[in-house]
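Dear colleague,

I am passing on a structure that may be new to you, and I would be grateful if you could look through it before reading my notes below.

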Amino acid sequence: MTNTKGAVTGVNGNMVSVRVDGTVSMNEVAYIVVGGKRLKSEIIRVQGDIVQTQVFEMTKGIKVGDPVEFTGEMLAVELGPGLLGKIYDGLQNPLPEVAAQTGYFLEPGVYLEALPRNVKWSWTPVAKAGDRVERADLLGTVPEGAFTHRVMVPFTMYGSYTVKSIKPAGEYAVTDEVAVLEDESGASTRVTMMFQWPVKRAIDCYAERLKPVEPMVTKTRIIDTFFPVAKGGTYCIPGPFGAGKTVLQQVTSRNADVDIVIIAACGERAGEVVETLKEFPELLDPRTGKSLMERTIIVCNTSSMPVAAREASVYTAVTMAEYYRQMGLNVLLLADSTSRWAQAMREMSGRLEEIPGEEAFPAYLESVIASFYERAGIVRLKDGSKGSVTIGGTVSPAGGNFEEPVTQATLKVVGAFHGLSRERSDARKYPAIHPLDSWSKYGGLLDASSVAWAHSFLKRGTEVGQMMKVVGEEGTSLDDFLVYLKGEFLDDVYLQQNSFDAVDASVSPERQKASFRSCVRILGSSFDFKDKDAARAWFNQLRQRFLDGNGIEWGTDAYVSAEAELKAFIDERVSGLDKKAARIIESLE
Amino acid sequence: MKKVYSHIESIKGSVITVRATGVTYGELAEVKTRFGVSLAEVNRLDEDMVSLQVFAGGRGISTGDEVRFLGNPMRVSFGDSLKGRIFTGSGEPRDNGPTLSENLIPIGGPSVNPTKRIIPREMVRTGIPMIDLFNTLVKSQKLPIFSISGEPYNQLLARIAMQAEVDLIILGGMGLKYDDYLFFKDTLEEGGSLQKTIMFVHTAADPVVECLMVPDISLAVAERFALKGLNVLVLLTDMTNFADAMKEIAITQEQVPSNRGYPGDLYSQLASRYEKAVDFADSGSITILAVTTMPGDDVTHPVPDNTGYITEGQFYLKGGRIEPFGSLSRLKQQVNGRTRADHRAIMDGMIKLFSAYRDTLEKKSMGFQMSAWDQKLLKYGELFESEMMDLSVNIPLEGALDKGWEILAACFEPQETGLQSKLIDQFWPKKA
């Protein structure tokens, strides 16, 4: 707490004006004292001796003249071992612990410690007395779940230090001293396993940022093959309500080939978080064999929780992601939904009476969105290892219209766009990622020209389909009709995926390649059908066989025999293979 | 004794300002006008300038009227004596019963801790096949009925209220036509459900600020009953009026509008009400069914659009029927696997065929020739519309499933339905 004193002068929704006596800093945390409760708030504007704060709680009951305390610190989160598996609100309050204290409801003014203080971690020192260290240099390690958690020189300690003493191996709590560091002037600092970092500042203790090239496998075919995401990259999923944004995020959070997943449920339904909360502890992570929850952190500020904390929640989440990146891990941050975060900014901007931009969003919307996504990235750390933060954000555009400001501002900065369409979700074509509207700038599992070749069938098939709606099937040539059938086939058996089927829900890269190769064979083959009905009937059968195959576990005897049958079924019918297709198939053998 | 202020500085619409000190945000006050006493709620503080929204509206308020602050936020009396009663949006009796003032509880309380929620697990039976069979309503679900003005949405709500197996019904009426209010009252009275009903009704003739109170007051009461172990169904009609009331107040207070004049916090405001739907693990539950009228049948209008992002699905009421396309209960998968073995199969199978029927209708209207298959579909579609979709059909889920098999058997050969052979063997009606 600083010596600055303040008193409330006005209340408008969750914005409280305070007259201050003393110095304050922008984005400093202040507490409004109301009837014995201390309500957390953040300074968002300073004008003479009046400051405006956004309060992270309901403001009912505040009155003019209520005292305000200032902390001198920006909104920060605790970083240290023990974050994994936790469920936090937007301000890093552990929700299960809050529930133990206040019961069913989230009472205002209850702030608990984010990291458990009573847990002992088994510490192995790495640095030695006399070592020269800088911020983020390794002091020692503790095991956390399946990972080796690196305990580092706190990122807030700028300058260089000498290790004066370091604790021997043993069991310590996060608040116990593990080392003493001495700066150049001879002053010494006690270091524990945890420290605080302001959420709105990006953690930048790495050697250099690299270009994202390695694909992050999601085991969803349409993403990995057609619209891939790279480790350290960014992508967005805009879509109208009911198009399956959240289901897609949930599937990704389970299957993504990363070390740690951080889910930021930002201003969405509480019920959806509950599903994750209850299911993840039961599910096994195939990579580690432990519960999925052990690699997950949930930050949940659902739609009825205070709006200002919603704005903070995405920063809380990304800060924890950056912290684990410093340990050479690959982290995926899923933010659902960034529109609600943008709306929280809009609410505040309106109360500050700022001049509104498009649809009343503040003029700084774009730069704020851009700087958030820019916190993603793959980096080379000082010790040479690599770590990454990948950010995937859903966008909930008003009326499902992608022209709105949040979608547009997001599209400018992300590397891949997975646009969900109402039309596809109505037709139960899941995942409802639109194959013609979506794009990705990253390289995927397969070579780009092969993918583009396959994609051309989707495009031409759709064109023929459109045309057929006007001229009818009679007016379409058999060749065009075949292109249409091929496009539909690729869509049905490859782009669509059944996330409720145990096998089809997650498809390994090897299987994707094999499956893609079979599809290419169909796309590139010539057929000799006597009429359209015959063509359709054959393709219907083909589709059924393919879909049945998609449900059989990879590599089993049943799979091998189904595969052989399918091949025989195709061999019987096809004649001639396109050169391009032949080359693609060869490259995939 | 609280101080009385007798000088009103400004009056804009239903918002007045007075100079006062020691006032808390959200506090209630009484404004004494020559038409009687009205409640008012503090909605902005700026130094000693206090803005209040007057429940009875600004009309006829004089700058010399008295304002007395009550020192407490909006509260409502709670207890079993509420059952069977009818109140206004500010909690005053609308029937001729006594005013209740004991055991006051605050409204608009904090949100439920997400970690204390449970995955919904029980269906709410309504006797309407389009709901029970195709889009099952689940306990603790929040579902709006999207419809255009003129559709029988209030009739639908009343029917669900009468038939749903719940312990208590709370009806929140916002901007209700007086006729509709009487309709609800009479229907519930005739059906004998009035004793398990509490009504908070704001009619179109009442002051707009009272409309804003209705959802909070209804849900605060519902929450208390749910915590006492009751399964409560809250019916809100019409949430578009609620949003419009918010818009009106926001604009009079010169807030920057965001989309079509609605305030920027429309989403958060709607969400904080709908998210009150909950199933308390070891106690009761709140299920919310709300009507959202769509101006111009436009689902992209800000109110239905924001609602759709908040609620767990929606029922589309169109042409007096619940449309199978566009209607969705996001929670149905949680319960429909545990009702009867054929539930999911009939649900998917009948809708697929109905979708094919719609395509055939389109072909027919364009003058294409009808094949034998098309003829079957036409017969099926007509039967489906009259025996399943019609809102007058009133049968329990099991009856609806049997009816589904009958309709299928009347129109198709078993293998044409695309249903699993195992189910066909078990359920296909045997020819007599």
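Chain B has an average pLDDT of 91, where pLDDT is the predictor's confidence in each residue, from 0 to 100, and 99% of its residues score at least 70. This is a predicted model, in which local features need pLDDT of at least 70 and side-chain atom pairs count only at pLDDT 80 or more, while totals for chains, interfaces and linings use all residues. Residues are numbered from 1 along each chain as its sequence is written, and chains are lettered from A and ligands numbered from 1 in the order in which they are written. The model has an ipTM of 0.87 and a pTM of 0.92.

Chain B is split into domain 1 (4–73), domain 2 (81–335) and domain 3 (343–427), with bounds that come from an automatic or database domain assignment. Between domain 1 and domain 2 of chain B, the C-alpha centres are 29 Å apart. Eleven residues of domain 1 of chain B are in contact (C-beta atoms, placed from the backbone, within 7 Å) with nine residues of domain 2 of chain B.

In chain A, strands (DSSP runs of E, at least two residues, numbered from the N terminus) form an open sheet of four in the order 10-13-15-16, with antiparallel pairing (at least two DSSP bridges between two strands). Strand 10 (132–133) and strand 16 (188–191) of chain A are at the edges, each with a single partner strand, so one side of each has no neighbour in the sheet. Strand 15 (residues 179–183) of chain A pairs with strand 16 of chain A in the antiparallel sense over four bridges, and A:Glu182 has A:Ser188, in strand 16 of chain A, as its bridge partner.

With best wishes

Note on methods
Two residues are in contact if their C-beta atoms, placed from the backbone, lie within 7 Å.
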